[in-house]
Amino acid sequence: MSDRATGSGRGGDGHARDSSAQGVRDTVIRLIIDLQRLAGSGMPLQRRIDLLRGAEPKVLWIVHSLPKPVAEARRLDRGRGGKALTLEQRIYGLMAENLRFSLTELDRSVKAFGEGASEDRRWLVRHLFLFLAKQLEYSLVWGRAWVRGNWRELHDLYLYLANRPDIKLGSDRSLVDAPFDPEAEYKRLLLIGLLKPRVEREERLSRVLRQLPLWAMQSALSAPSADGGVGRIYAVEAARDQPPTESSRAFELGFHGWILAPCDDFVTYVGG
């Protein structure tokens, strides 16, 4: 039997790799087309939510299989501002778009307070957090520009939850084993926004990302006050599509957002 038939030998390995890569590309293109169609369809709400629930494990498997930007490609893309979206970023964006649209439709629907609506709402919110987070983490890890609209969507989602105390996310364990704390996750992602300038130190990045959940729990997020508190603080402007920005403690009248006070260990890491 030949090397081509068995897949052995250099030529067989190359053919198998090419076939596998083509298969992944074809799957990704089909997924993107399906998500684009879903976003623009007039599909009944419950059918849309059920499809998203069923698709989510496959989506995560597919993006895990995608190749990541190599160093040379990252350098070239940085020269263009790092704004060209990769396939992985497009998938994250389309999932977030469909989840956000479904959440809006659910809140407007006649079943908004009906049986099953609370479970659907928790699932949509937690997975919207998930895909917005993956988009931000991808930008950080692979040295790309923040995706337009990503920060504004995250701020909007946290503001939505702040105005909806009836949504009890901690009681839903469908995403992770531990209860979900939206404020802790929001703070973790805000801290990611402050790490962006240090992405060149990739050898430390994985360790820092593992540390972020603890640093987020030790950091404070609060309404602005006249004195601004002590230590380094950052303004989180809810209406702006941007990560936190270092504050001088002088807030204009009408400031809409929160104040992030990172914990001492995080401030030390970023050069405090």
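A crossing of two helices is termed left-handed if the near helix is turned anticlockwise from the far one by less than a right angle. This description applies to several helix pairs in the structure considered here, which is a predicted model.

The chain contains ten helices and four strands. Their order along the sequence is α-α-α-α-α-α-α-α-α-β-β-β-β-α. Of the 272 residues, 42% are classed as buried. The accessible surface of the chain amounts to about 14,700 Å², and carbon and sulfur atoms account for 53% of this area. When contacts between residues at least 6 apart in sequence are considered, 74% of them link residues at least 24 apart.

Helix 6 comprises residues 117-141. Its 25 residues should span 36 Å at 1.5 Å a residue, and the computed separation of its end C-alpha atoms, 36 Å, therefore agrees with expectation. The helix is mostly covered, as 20 of its 25 residues are buried. Just after helix 6, glycine 143 adopts a positive phi of about 65°.

Helix 3, formed by residues 45-65, packs against helix 5 with the two axes 11 Å apart and at an angle of about 160°. Because angles over 145 degrees count as roughly antiparallel, helix 3 is assigned as roughly antiparallel to helix 5. The crossing of this pair is left-handed. On the side of helix 3, the contact involves Leu45, Arg48, Ile49, Leu52, Val59, Ile62 and Val63. The residues of helix 5 that they meet include Glu88, Ile91, Tyr92, Met95, Asn98 and Leu99, together with Phe101, Ser102, Glu105 and Leu106.

Helix 5 itself consists of 22 residues, 87-108, and extends 32 Å from its first C-alpha to its last, close to the 32 Å expected at 1.5 Å a residue. Its buried residues are Glu88, Gln89, Ile91, Tyr92, Leu94, Met95, Ala96, Asn98, Leu99, Ser102, Leu103 and Leu106. Several positions thus appear both in the buried set and in the contact with helix 3, among them Ile91, Met95, Asn98 and Ser102. An α-helix has 3.6 residues a turn, so residues three or four places apart point the same way.

Helix 3 also packs against helix 6; the axes of this pair come within 12 Å and cross at roughly 40°. The angle makes helix 3 oblique to helix 6, and helix 3 passes helix 6 in a left-handed crossing. Helix 3 contributes Gln46, Ile49, Leu52, Arg53, Glu56, Val59 and Leu60 to the contact, while helix 6 contributes Glu119, Asp120, Trp123, Leu124, His127, Leu130, Phe131 and Lys134. Ile49, Leu52 and Val59 of helix 3 are thus part of the contact with helix 6 and also of the contact with helix 5.

A further helix pair is formed by helix 7 (residues 150-162) and helix 8 (residues 182-195), whose axes come within 11 Å and cross at roughly 160°. Helix 7 is accordingly roughly antiparallel to helix 8, and it passes helix 8 in a left-handed crossing. In helix 7, Trp151, Leu154, His155, Tyr158 and Leu161 meet Pro182, Glu183, Tyr186, Leu189, Leu190 and Gly193 of helix 8.

Helix 7 has 13 residues and reaches 19 Å between its first and last C-alpha atoms, close to the 18 Å expected at 1.5 Å a residue. Its buried residues are Asn150, Trp151, Leu154, His155, Leu157, Tyr158, Tyr160 and Leu161. The cover over these buried residues includes both helices and strands, namely helix 5, helix 6, helix 8, strand 1, strand 2 (234-237) and strand 4 (257-261).

Towards the end of the sequence, aspartate 265 is located in helix 10 (residues 264-269). With a relative accessible area of 47%, aspartate 265 is partly exposed, since the partly exposed class lies between 20% and 50%. Apart from residues up to four places away in sequence, aspartate 265 touches Trp215 and Gln218. The C-alpha atom of aspartate 265 is separated by 9.7 Å from that of serine 219, a residue 46 places away along the chain.

Serine 219 lies in the loop between helix 9 (202-218) and strand 1 (220-222). Its relative accessible area is 4%, so serine 219 is buried. When neighbours within four places in sequence are set aside, serine 219 is in contact with Lys187, Leu191, Leu260, Ala261, Pro262 and Cys263.

How values were computed: Residues are numbered from 1 along each chain as its sequence is written. This is a predicted model: local features need pLDDT of at least 70, side-chain atom pairs count only at pLDDT 80 or more; totals for chains, interfaces and linings use all residues. Side-chain values use heavy atoms; hydrogens and water are left out. Helices (H or I, at least four residues) and strands (E, at least two) are DSSP runs, numbered from the N terminus. Buried means under 20% relative accessible area, exposed over 50%, partly exposed in between (1.4 Å probe, protein chains only). Contact means heavy atoms within 4.5 Å. Accessible areas come from the Shrake-Rupley method with a 1.4 Å probe; for residues, only the protein chains shown count as cover. The expected span of a helix is 1.5 Å times one less than its number of residues. Axes are lines fitted to C-alpha atoms, for helices over the stretch in contact, and angles run from 0 to 180 degrees between N-to-C directions. Angles under 35 degrees count as roughly parallel, over 145 as roughly antiparallel, 65 to 115 as roughly perpendicular and the rest as oblique.
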